[in-house]
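Got the model open in your viewer? Keep the selection box handy, and let's walk through it stop by stop.

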Amino acid sequence: MRTQVGIVGCGPAGLFLAHLLHRAGIESVILESRSRADVEGTIRAGVLEHWVVELMHQMGLGERMKREGHFHTGITLQWNRQRLHLDMEELTNGKKVTVYAQHEVLKDLIAARLADGGEILFSVSGTAIRDVDTDRPFITFRRGAEGAEERLDCDYVIGADGFHGPGRQAIPASQRTEYQKIYPFGWLGILARAPLSWHELIYANQGEGFALLSTRSPEIQRMYIQCDPKDDIANWSDRRIWDQLHARLATEDGWQLQEGEIFQKGIIPLRSFVCEPMQYGRLFLAGDAAHIVPPTGAKGLNLAVADVLVLSRALEEKYRRNSSEKLERYSATVLRRIWKGERFSWYMTTMLHRNEGETPFEQRIHLADLDFVRTSRAAATALAENYVGLPFDE
Ligand code: PHB
C-alpha cells in the first residue's frame, strides 16, 4: 500500500489531521491498534476550546455537537464552602465553554472520514515505524492479530498513537529529552444517571481535596474526586463516593447534589509529560504521543488538535509550494503552545488538589492563588484565557 501521509493512531490528533489533510487534497491512511468500538467507547475529558468548536463547524463536523453539546458561559471554582463563578464569556470577549465528550467527537470524525472514502484500518497489530531518517519511510503492520505482514509506504509518518504507542520510540533515545512529573494523587471518575445539579462545571478543593462536577446530558452526569492513584476501585462503594462528593461540594446555602445510579467508575493516575523534539527525519509526533497533561484543565484533546492544525498547514505548504520551512519548525512552534498548556494544567492541578506531601506553607499558597482569582480581574482573565484556549503563535 502507498499513501502520502501514514498516520499511526485514530484518536483526536490522527483523525483531525486526516480531515485537515483531506481538505487540502492530501491523502492519508490511519492505522489503529484498537477496534472501532474501543476507540468510540473510551471515556476521556469533555471540554473543547472555543477555536476547536469553530474548527469543527468549518469542517462541517459540528452538527451533533451543536444539538447535544453543553454551552456554558463559564466555570465555578469552590473552596471553603464558597463558590466563585468565573464568567469566561465576559472575560474573553464572548468565548464559551463547550462540554462535549471526547468519544462523541471521535464518533463524529470517524463516521465523516469513512463517508468521505477515507481509509482507517482498525485492530491492526505489530505496527512498526521504519526508515524515517531516509526519504522512503514506511510502516509495517498486520490486520487483526493473525494477518500477514503488510507495508504502508508513505512520504511522512505521523505518530499520533498516544503515550504507549511506538511513535515516540521511533525517535532514537539519544535524540530526545523527556520531561515528566507524576502527581501523588489520581482521579476517581464516575458516570451516574442523575439530574443536573448545577448549570456549569464546578472545580472544588474542599475537605479531603479535589472534586469536579461535570455533565454528559440532562440525564447523565460525570463527576470526579481526587484519590490515591494506587487505590483499588473495589474500595470505593457507591455510598463512599457520594459521601465524598457531598463533602467536597457542600456550600453554606443548602445547595443539594443530586444522586443517582453509578453505572461506570474507574481510577486514573495524573501525570505531566513532554518529549522534545517532536520530530525526527520524516516522523512527526502529535498529541499524547509527545505530551500528557493532568485532566484538571481539560487540555489533552485541545493540545492534540492544535498540534495537527499546525502540522497540516506545514504539510500543505510542502506539497503545494515545496517549502519545508514550516515542517522544519513544527516541533518548536507547537512546543510553545504545549508548554503553556502544561503550565496551566499543572497550575490548576496543584491549586485544586490537597497534597499531603506539600508543606502547610505550600498549601496556604494554593488558597491564596484561588483568592487572587476571586479578587483580581487580571488573574481571573488569565485563567479564563487559558481555559477557553490561548491564541495561536505560529
Ligand atoms: C469531563 O467532563 O470529563 C471533564 C471536564 C473538565 C475537566 C476534565 C474532565 O477538566
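Select residues 5-8 and residues 156-159 to begin: these are strand 1 and strand 12, running parallel and joined by 4 bridges. For one rung of that ladder, pick Val8, which stands opposite Gly159 in strand 12. Keep in mind throughout that you are looking at a predicted model.

Now widen the selection to the sheet around that pair. It is an open sheet of 6 strands with mixed pairing, and the order to click through is 8-2-1-12-19-18. Where does the sheet end on either side? The edges are strand 8 (119-121) and strand 18 (279-280), each of which pairs on one side only.

**Next stop: a run of antiparallel strands**

Select 124-130 and 138-143. These residues are strand 9 and strand 10, an antiparallel pair held by 5 bridges. Arg130 is a handy marker here, since Phe138 in strand 10 sits opposite Arg130.

Stay on strand 10 and add residues 149-153, which make up strand 11; the two run antiparallel, again with 5 bridges. Click Thr140 and you'll find Arg151 of strand 11 across from it. Strands 10 and 11 make a hairpin with 5 residues between them, and in the turn Gly144 has a positive phi of about 65°.

While you're checking backbone angles, jump to helix 3, residues 50-58. Its buried residues include Trp51, Val53 and Met56. Just after helix 3 comes Gly60, with a positive phi of about 75°.

**Next stop: the long ladders**

Select strand 13 (177-193) together with strand 17 (261-276). They pair antiparallel over 14 bridges. To get your bearings, select Leu191 and look for its bridge partner in strand 17, Gln264.

Strand 13 also pairs with strand 16: that match is antiparallel too, with 8 bridges. A good rung to highlight is Gly186, opposite Cys227 in strand 16.

In general, the side chains of a regular strand alternate between the two faces of the sheet. With that in mind, stay on strand 16 and select Gln221. Is Gln221 buried or exposed? Its relative accessibility is 2%, so Gln221 counts as buried. What does the side chain of Gln221 reach? One contact goes to the backbone oxygen of Ala194 at 2.9 Å, and another to the backbone oxygen of Ser217 at 3.0 Å.

**Next stop: the ligand**

Center on the ligand and show its surroundings. There are 15 residues around the ligand, and those that come nearest are Tyr203, Ser214, Arg216, Tyr224 and Pro295. The shell splits into 9 nonpolar, 3 polar and 3 charged residues.

Turn on distances for the polar contacts:

- Ser214: an N or O atom in its side chain is 2.6 Å from a ligand oxygen.
- Tyr224: a polar side-chain atom lies 2.6 Å from an oxygen of the ligand.
- Thr296: here a backbone N or O atom is 3.3 Å from a ligand oxygen.

How much of the ligand's accessible area does the protein cover? The cover is 100% of the 280 Å² that the ligand has on its own. Color strand 15 (209-215) and strand 16 (220-227) as well: these are the elements that give two or more residues to the shell.

From strand 15, select Thr215. Thr215 is buried, with a relative accessible area of 3%. Try a distance to Ala289, too: the two are 74 residues apart in sequence, and their C-alpha atoms are 28 Å apart in space.

**Last stop: the cysteines**

Select the cysteines and show the sulfurs. A disulfide is a covalent bond between the sulfur atoms of two cysteines. How many disulfides does a search of the whole structure find? The count is 0. Take Cys154 as a test case: a disulfide needs its two sulfurs within 2.5 Å, but the closest cysteine sulfur to that of Cys154 is in Cys10, 16 Å away, so no bond is possible there. Cys154 is also buried, at a relative accessible area of 2%. You've already met Cys227 on the long ladder, opposite Gly186; Cys227 is buried as well, at 6% relative accessible area.

Note on methods
Residues numbered from 1 in each chain as written. Predicted model: local features only at pLDDT ≥ 70, side-chain atom pairs only at ≥ 80, totals over all residues. Heavy atoms only, no water. Buried < 20%, exposed > 50% of the residue type's maximum accessible area, 1.4 Å probe, protein only. Near = heavy atom within 4 Å. Polar contact = N/O pair within 3.5 Å; in protein donor to acceptor, adjacent residues only side chain to side chain. Areas by Shrake-Rupley, 256 points an atom, 1.4 Å probe, with all protein chains shown as cover. Nonpolar A, V, L, I, M, F, W, Y, C, P; charged D, E, K, R; others polar. Pairing = 2+ DSSP bridges.
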